[in-house]
Amino acid sequence: MFRPHPYFPHTQADVDAMLARCGVADIEALYADVPPELRLKHPYDIPEAMSEPELRDYFARLDAENRTLKCFAGGGVYHHAVPAAVESILARSEFLTAYTPYQPEVSQGTLQYIFEYQSMMCALTGLEVSNASLYDGATATAEAMLMCVAAARRKRRVLISATMSPAVAQVCGTYARWHGITLETIPEHDGATSLEQLREMLGAGDVAGVILPQPNYYGIVEDFTGVAEDVHAAKALLVLNCVASTLAVLRTPADWGADIAVGDAQSLGMPMNYGGPYLGYMCTTRALMRKMPGRIVGATTDRDGQRVFVLTLQAREQHIRREKATSNICSNQGIMALHTAAYLSLLGPEGLREINEAGCAGIHALVNALAPGGRLTPVYPDRPYLNEVLLRVADGLTARQIIEAAAAQGILAGIEVAPDMLLVACTEMQNRADIDRYVELINDLPLHE
Amino acid sequence: MNRTLYNHLIFEYSRKGRRGFTLPRRDDAAGSIEAAIPAATRREASPELPEVDEPTVVRHYTNMSTNNFGVDTGFYPLGSCTMKYNPKINEALASTSAVANLHPAQPFFTAQGALAAYWQLQRLLSEIGGMAEFTLNPYAGAHGELTGLMVIRAYHADRGDSARTKVIVPDSAHGTNPASAAVAGLEVVEVHSRPDGTVDLDDLKDKLDETVAAVMLTNPNTTGMFERNIPEIAETVHAAGALLYYDGANLNPMLGIARPGDMGFDVMHINLHKTFSTPHGGGGPGAGPVGVRHGLESYLPTPRVVRDNNGYYTVSEQSNSSLGRISSWLGNYTVLRRALAYILSLGKENIVNVGPLATLSANYIMHSLCDLYELPIPGPCKHEFVFDGLKDKSSGVTTLNIAKRLLDKGFHAPTIYFPLLFHESLMIEPTETESRDTLDAFILAMRQIAEEAKNNPDELKQAPHHTPMAKPDETEAAMHPRLTWKDLTS
Amino acid sequence: MENIYYLPTHEYIRVEGDKGYIGISEFAAKQLGNVVYVDMPEPDDEVCAGDDFGAIESVKAASDLYSPVTGIVVAVNEALIDNPRLVSENPMANWIIEVTIADPTELGDLLTPEAYAEHCANEKH
């Protein structure tokens, strides 16, 4: 009756014995309550079973249709080196095949790496509490927005900078629309958030939170001096969305006076993987600890006095007050938190600083090398940038044309922000020869009328 | 699993000057951070991250892993979580350099394979769910629920029907259902269950009116019972102008039996980390694709993978009636690849056996233990069932004690104290990937525990005895939260 | 024990003149077990009869706190910030918030101690 398949251990003798125990003649009897008219009318229209070699061939054929490019694109996703040791640790199936650590006695591995991850993210952001539960930087920012509104009780306005990544702003907009939050955009001035406009918008009242990016979507490092004071004076919360890797060298969200730091942890050495999985990080203050979505791990002792780790503050928000929940997050982004903890352990503070130095040196070298050709020049030349920059495409070329021509030669030239604007990033993964090749390619492109 | 606790923290191995990874040498003189970034926006002190060498890092995490119980360690009968085996070929096909270095914004002509895989999985899930179209963007089951409810809100909004602000959810539902509804801006109305765990149809009819946007159901429900009245429920819900949402957490027993679309559901999500074998990863990442019936496709989130008549794939950001964007990119691509590999491995001839074998396994355990454990809802279950503690409760042994004692015996505990319909819920889901030998060993352990409850209840109440750690002090953890290494050292 | 009224959700209000002291009942404290956190409003916040004004959290459960009356918060019990367990130890002595009572007729809608005791007896089943 059952064909052997590697994932099904049952022999016909097993099935017969199990049916006998259940007191039924066949499995069909166990589905007697499913009305006949609902039953499958025809076999699923899906391919026949593949053996492992066939599966490998199938995926090899698919993957042959992709082209891995030398990556100069960022826009929230950066190509960093992934240490082999991280891959090896992630492959430990005791980590991979466990679920949320409901039973601490048999989940210390998971609980402990989450505790380590929390510690490291707090060290990076300067804040006091971290979860390990959010999917990506965009949804983490939307969760921070929900948190602001929940903490403010009755206020429903949240302000977000025009310099935020469009994908992040759009996800926040979606959550805001359906949750009933008024999300307003703070205009930009010369590539950075207009702090003057922000003050005016705060003055109009009813603001629960303000969400600003660092570095912003154009790669610009913004100066938030005085912002937290203004935001807090309006009894609102300040949320900073920071590119995780840059936290090692830029002023911390805590030092800026932020109440919540969020963002994508992909830049901490996660493979780009065509969009996921990544990890949304979120850190906050002790004061807001109980408003934070997701699960938190805390240290305690067991009956024998050993230091152990447990899920704690479990009874918050959605866990029990479910119909009044301000978040529906119910698990951990476990393996990606492990990825981050292992990565940061291997790199340490110096390694992470060098990552930033390499990106900074690379992008500035690229901009300098592009300057004589005049075909790609910074849109906001007076603004500081760390590892990413928005470039203006000269007349006679378009961003799309550059991207397509470069891709044909194995280079991902950047992200099209506008027909004449290209967002370009560097990390430790592009060497001088790559940069020279990029410049040559740009300078060799034929101009059209 | 280890019997001795390994509880060092990586910070405790940190020594100034150690390194676990080096970077390519650079000779660019341009652009030091000090030159590029004004001092006011730079970090003052370097972050307190550990400084460790590679062997120490590897040994540390390897030792930690031995304190963990996973599906690869042993039987994990966690109800409603479908802890089935996670095939190794899926991992091999997901964690490959062919995928790792694809940037999500690279031109479509350089990512046709990735888009084809995405498209293919969309088609397969649509066929298995009986739906017209799927989006694979949602990152998790709860994210799928939220997305599905937004689809429903977008549908009503598009019709100009703004009065529908409520969602009806059974009292037996997964906790995320009402939470997702609240985040989607909907008010939750609970519908009662009948004694057999199925929806009280009269109560449902009373609560359905023109303010209800949707009814969310799990079928089979959290007690493992199939809602046999589903055709009538669907008709009633649709007659009231609401849509019917299928929580796919319990889809596994329906593989090969029936499709949610054919049952009358309009919108559904699937937990790929349950039914389609992708690993749970200590809680994630998972994936929660959302399917819709014909007529609702335009409300799905952007971006969407589309295919033209020549078989060329692109990604569309445009749709006026779409609910909006709910993810940075196109979902958890490597999780999606694993699910695709799983479906193709089983193929049309094997996938139809998933549901029946999972159901047979659950009934086998139920029949083997119902003389000792209280079975509040008799009769054939589907993939899971609920015991309400021991039949003989005179010893005072609770579900928590039973769960902890199972850890001693080398099994993960079932889901406990859920659903909330019973005081001592013990929810068991074996899945189709467990052999009869494993099930027999579990049955024997459960029978031994029932025996211990009679003969030696005091020791049983102190369980676990043989795990790497003993019972933790959770009150202390909650009263004085110590959440970081800094908290431990200051 | 006069001048004490209850909500079916287990909050009490002890009335003294035009002020009321709101806390949770002995029965609720017992059900919750060790209280680890009390989420309280701020002085001058408004509370409405039947609406939640905060939450109480033990290791295993969290519940909303509902206000028996409409009024303005005069004070919160600051001892609970550092020592929330006081609620578990003596819930009647350790009120959570003090409020002004805007409309004394609202008290008529609440349960008397006898009616509340009966309500608890029924809930045990």
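These legends walk through close-ups of a predicted model, taking the chain interfaces in turn and then chain B.

Local features need pLDDT of at least 70 and side-chain atom pairs count only at pLDDT 80 or more, while totals for chains, interfaces and linings use all residues. Residues are numbered from 1 along each chain as its sequence is written, chains are lettered from A and ligands numbered from 1 in the order in which they are written, and side-chain values use heavy atoms, with hydrogens and water left out.

**View 1. Where chain A meets chain B.** Here 191 residues of chain A touch 207 residues of chain B, a contact being heavy atoms within 4.5 Å. About 17,400 Å² gets buried between chain A and chain B, with carbon and sulfur atoms giving 63%. That buried area is the accessible area (1.4 Å probe) that two parts lose on being put together, summed over both.

**View 2. Polar links between chain A and chain B.** The rule picks up eight salt bridges across this interface, each needing a side-chain nitrogen of Lys or Arg within 4 Å of a carboxyl oxygen of Asp or Glu. One of them pairs Arg307(A) with Glu12(B), with 3.0 Å between the closest N and O atoms. There are also 89 residue pairs in polar contact, both residues at pLDDT 80 or more. A polar contact is a pair of N or O atoms within 3.5 Å; within protein, one must be able to donate a hydrogen and the other to accept it, and residues adjacent in sequence count only if both atoms are side-chain atoms.

**View 3. Helix 12 of chain A.** Spanning residues 334-370, helix 12 gives the most to the side of chain A that touches chain B, namely 27 residues. Helices (H or I, at least four residues) and strands (E, at least two) are DSSP runs, numbered from the N terminus.

**View 4. Where chain A meets chain C.** On this interface, 10 residues of chain A are in contact with 17 of chain C. Together chain A and chain C bury about 1,000 Å², 38% of it on carbon and sulfur atoms. Two salt bridges turn up, among them Lys291(A) with Asp39(C), whose closest N and O atoms sit 3.5 Å apart. Polar contact between chain A and chain C comes to one residue pair, both at pLDDT 80 or more.

**View 5. Inside chain B.** Chain B has 17 helices and 12 strands, and its C-alpha trace spans about 75 × 65 × 45 Å along the principal axes. Of its 490 residues, 67% are buried, meaning under 20% relative accessible area (1.4 Å probe, protein chains only), with exposed over 50% and partly exposed in between.
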